[in-house]
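I opened this notebook to record what I looked up in one structure. The entries follow the order in which I made the queries.

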Amino acid sequence: MKVCTVRWRLFFTVASIILMMMPFVGAQRPTSRPADGHESFQFRDRPIHPACVMTLGTELADGLPAVGAVDVEGCTESQQHPAEFAVRDGWISIELKDGGAFSYRHLGVSPGGTHVLETHNFGGGTGVFEDLLLVRVHRDRVRQDDKIRDRLLMTSVGSFVLGDRDDGVIRLDGNRLIVGRSRYRKRDTIISLDQAN
């Protein structure tokens with residue numbers, strides 16, 4: 001009888017210790033939330049303006065992008081592009097002044113905070129040129145005349161050319177971006193995100 005009582009007391013003591021430690025154990029687990037906290041790729045409760053995304057792209061005639069980072073507020077309020085954009089079936093689009101259109105859709109964000117965007121650039125001809133753009137967003141502060149302003153900065157950290165009307169399947173699996181085989185690729189391409197960040 002005494003052995004049974006001792007075992008039950010030992011069981012309840014160990015169980016109590018485990019239950020008390022559970023909040024601390026849970027708090028130490030890594031989460032899939034990005035470090036920068038920007039899971040939804042929005043600014044002021046709306047999708048980030050397509051012109052800001054387009055600014056980070058590479059022109060067809062160029063080998064490298066000319067712009068590496070964009071002040072999201074400054075770009076959103078700029079008079080250099082149409083103020084309004086359309087949202088349809090997950091695609092955020094603008095019509096361009098010289099004809100054609102640009103659109104993007106947010107495919108997701110890696111655990112380390114790299115956002116994956118698929119972009120379509122239609123210049124008015126027969127081609128619809130598709131790319132993947134990898135960006136990170138973070139807040140900092142900047143001096144504007146005699147005031148300090150909080151700023152949301154969007155930085156390009158990579159890109160991948162898909163081609164004209166690419167037919168491959170693209171998916172984000174944690175820290176891996178999988179670009180499926182298509183008429184341009186004989187096999188899947190796997191890109192590890194967040195390595196250089």
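The entries below go from the whole chain to single residues.

**Entry 1. Overview.** I note at the outset that the model is predicted. I counted three helices and twelve strands in the protein. Of its 197 residues, 32% count as buried. I then computed the exposed surface, which comes to about 13100 Å², with carbon and sulfur atoms supplying 54% of it. For the contacts between residues at least 6 apart in sequence, I found that 47% join residues at least 24 apart.

**Entry 2. Aromatic rings.** I searched for aromatic pairs and found one in the structure. The ring centres of Phe41 and Tyr104 lie 5.9 Å apart and the planes stand at 80°, so I entered the pair as edge-to-face; the cut-off for that class is over 60 degrees. I next asked where the two partners sit in the chain. Phe41 belongs to the loop between α1 (2–28) and β1 (42–43), whereas Tyr104 belongs to strand β6 (residues 101–109). The pair thus links distant parts of the chain, 63 residues apart. I also checked accessibility: Phe41 and Tyr104 are both buried.

**Entry 3. Strands β4, β5 and β6.** I followed the pairing of β5 on either side. With strand β4 (residues 86–88), β5 pairs in the antiparallel sense over three bridges. Within this pairing, Arg88 has Trp91 of β5 as its bridge partner. The β4 and β5 hairpin has two residues between the strands. With β6, β5 again pairs in the antiparallel sense, over four bridges. Here I found Ile94 opposite Phe102 in β6. The hairpin of β5 and β6 has five residues between the strands, and Gly99 in its turn shows a positive phi of about 95°.

**Entry 4. Gly100.** I placed Gly100 in the loop between β5 (91–95) and β6. Is Gly100 buried or exposed? Its relative accessible area is 19%, so I recorded Gly100 as buried, the limit being under 20%. Leaving out residues up to four places away in sequence, I listed its contacts as Glu95, Phe122, Gly123 and Gly124. I also took the C-alpha separation of Gly100 and Val128, which is 9.7 Å for two residues 28 apart along the chain.

**Entry 5. Ser103.** I looked up Ser103, which is in strand β6. Its relative accessibility is 11%, so Ser103 counts as buried. Which residues does Ser103 contact, leaving aside its neighbours within four places in sequence? I found Trp91, Ile92 and Ser93, together with Glu118, Thr119 and His120.

**Entry 6. Positive phi outside glycine.** I inspected backbone angles because most residues other than glycine have a negative phi. Arg44 is not a glycine, yet has a positive phi of about 55°. I located Arg44 in the loop between β1 and β2 (46–47). At 52% relative accessibility, Arg44 is classed as exposed, for which the threshold is over 50%. Asp89, also not a glycine, has a positive phi of about 55°. I found Asp89 in the loop between β4 and β5, and thus returned to the hairpin of those two strands. Asp89 has a relative accessible area of 71%, so I entered it as exposed.

Conventions: Residues are numbered from 1 along each chain as its sequence is written. This is a predicted model: local features need pLDDT of at least 70, side-chain atom pairs count only at pLDDT 80 or more; totals for chains, interfaces and linings use all residues. Side-chain values use heavy atoms; hydrogens and water are left out. Rings of Phe, Tyr and Trp (its six-membered ring) pair if their centres lie within 6.5 Å; planes under 30 degrees apart count as stacked, over 60 as edge-to-face and the rest as tilted. Buried means under 20% relative accessible area, exposed over 50%, partly exposed in between (1.4 Å probe, protein chains only). Contact means heavy atoms within 4.5 Å. Two strands pair if DSSP finds at least two bridges between them. Accessible areas come from the Shrake-Rupley method with a 1.4 Å probe; for residues, only the protein chains shown count as cover.
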